[in-house]
Amino acid sequence: MSLPSAKLTLNVAETAHALSISERQVAVLVKRGELRPVKGSRRVTFYIAEIHRYLLTNTDLADSTLKEIAVQHLDRLAGKLGVVQEAA
């Protein structure tokens with residue numbers, strides 16, 4: 001059985017880059033419960049859908065257009081990294 005070559009999750013460094021924050025700030029968000037990592041993984045990773053959820057619910061972006069731009073940026077980054085997105 002062959003696994004897909006695309007990544008299914010983002011690690012802490014990739015998540016920090018996608019959100020334009022530091023890796024330390026990602027750890028703070030996890031500790032506060034604002035960003036939920038994948039359970040049962042040895043390393044801390046995040047589903048792309050979880051990063052979308054965080055962007056749409058926990059940001060101070062008042063304008064929905066800005067939120068859409070942020071999500072599009074994340075989608076482009078996911079494409080570059082070869083991340084397979086979950087169906088919503």
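**Questions on the predicted structure**

Q: How many residues apart are Arg53 and Glu50, which both lie in helix H3?
A: Helices here are DSSP runs of H or I with at least four residues, strands are runs of E with at least two, and both are numbered from the N terminus. Arg53 and Glu50 both belong to helix H3, where about one turn of the helix lies between them. Residues three or four places apart on an α-helix point the same way, because a turn takes 3.6 residues. The spacing of Arg53 and Glu50 is three residues.

Q: What cut-offs on pLDDT apply to this predicted model?
A: Residues are numbered from 1 along each chain as its sequence is written, and side-chain values use heavy atoms, with hydrogens and water left out. The model is predicted, so that totals for chains, interfaces and linings use all residues, whereas local features need pLDDT of at least 70 and side-chain atom pairs count only at pLDDT 80 or more.

Q: What pattern does the protein chain follow along the sequence?
A: The protein chain holds four helices and two strands. Read along the sequence, these elements follow the pattern β-α-α-β-α-α.

Q: Which residues do salt bridges that share partners join into one network?
A: A salt bridge is taken as a side-chain nitrogen of Lys or Arg within 4 Å of a carboxyl oxygen of Asp or Glu, and the count by this rule is three. Glu50 pairs with Arg36, the closest N and O atoms being 3.1 Å apart, and the side chains of Arg53 and Glu50 meet in another such bridge at 2.6 Å, N to O. Through these shared partners, the network joins Arg36, Glu50 and Arg53.

Q: How many residues apart in sequence are the parts that the pair of Glu50 and Arg36 ties together?
A: Glu50 and Arg36 form a salt bridge. Glu50 lies in helix H3, while Arg36 lies in the loop between H2 and strand S2 (45-47), so the pair ties together parts whose separation in sequence is 14 residues.

Q: Is Glu50 buried or exposed?
A: Buried means under 20% relative accessible area, exposed means over 50%, and partly exposed lies in between (1.4 Å probe, protein chains only). Among its salt-bridge partners, Arg36 is partly exposed at 47%, and Arg53 is partly exposed at 23%. Leaving out residues up to four places away in sequence, Glu50 touches Glu34, Leu35 and Arg36, where contact means heavy atoms within 4.5 Å. With a relative accessible area of 8%, Glu50 is buried.

Q: Which residue forms a salt bridge with Arg32?
A: Arg32 is exposed, with a relative accessible area of 53%, whereas its partner counts as partly exposed at 23% relative accessibility. The closest N and O atoms of this pair are 3.4 Å apart, and the partner of Arg32 is Glu34.

Q: Which residues touch the most other members of the largest nonpolar core?
A: A nonpolar core is a set of buried Ala, Val, Leu, Ile, Met, Phe, Trp, Tyr and Cys residues joined through side-chain atoms within 4.5 Å. The largest such core has 16 residues, and the ones that touch the most other members are Leu19, Leu35, Ile51 and Leu74.

Q: Which elements give two or more residues to this core?
A: In soluble globular proteins, nonpolar side chains tend to be buried together. One core residue, Ile51, touches Leu10, Thr15, Leu19, Phe46 and Leu74, not counting residues up to four places away in sequence. The elements that give two or more residues to the core are helix H1 (12-19), helix H2 (23-32), helix H3 (48-57) and helix H4 (64-81).

Q: What distance separates the C-alpha atoms of Ala18 and Arg76?
A: Ala18 is found in helix H1 and counts as buried at 6% relative accessibility. Beyond its neighbours within four places in sequence, Ala18 is in contact with Leu10, His73, Leu74 and Leu77. Although Ala18 and Arg76 are 58 residues apart along the chain, the distance between their C-alpha atoms is 9.6 Å.

Q: What is the phi of Ser20?
A: Most residues other than glycine have a negative phi. Ser20 lies in the loop between H1 and H2 and is exposed, with a relative accessible area of 62%. In this residue other than glycine, phi takes a positive value near 55°.
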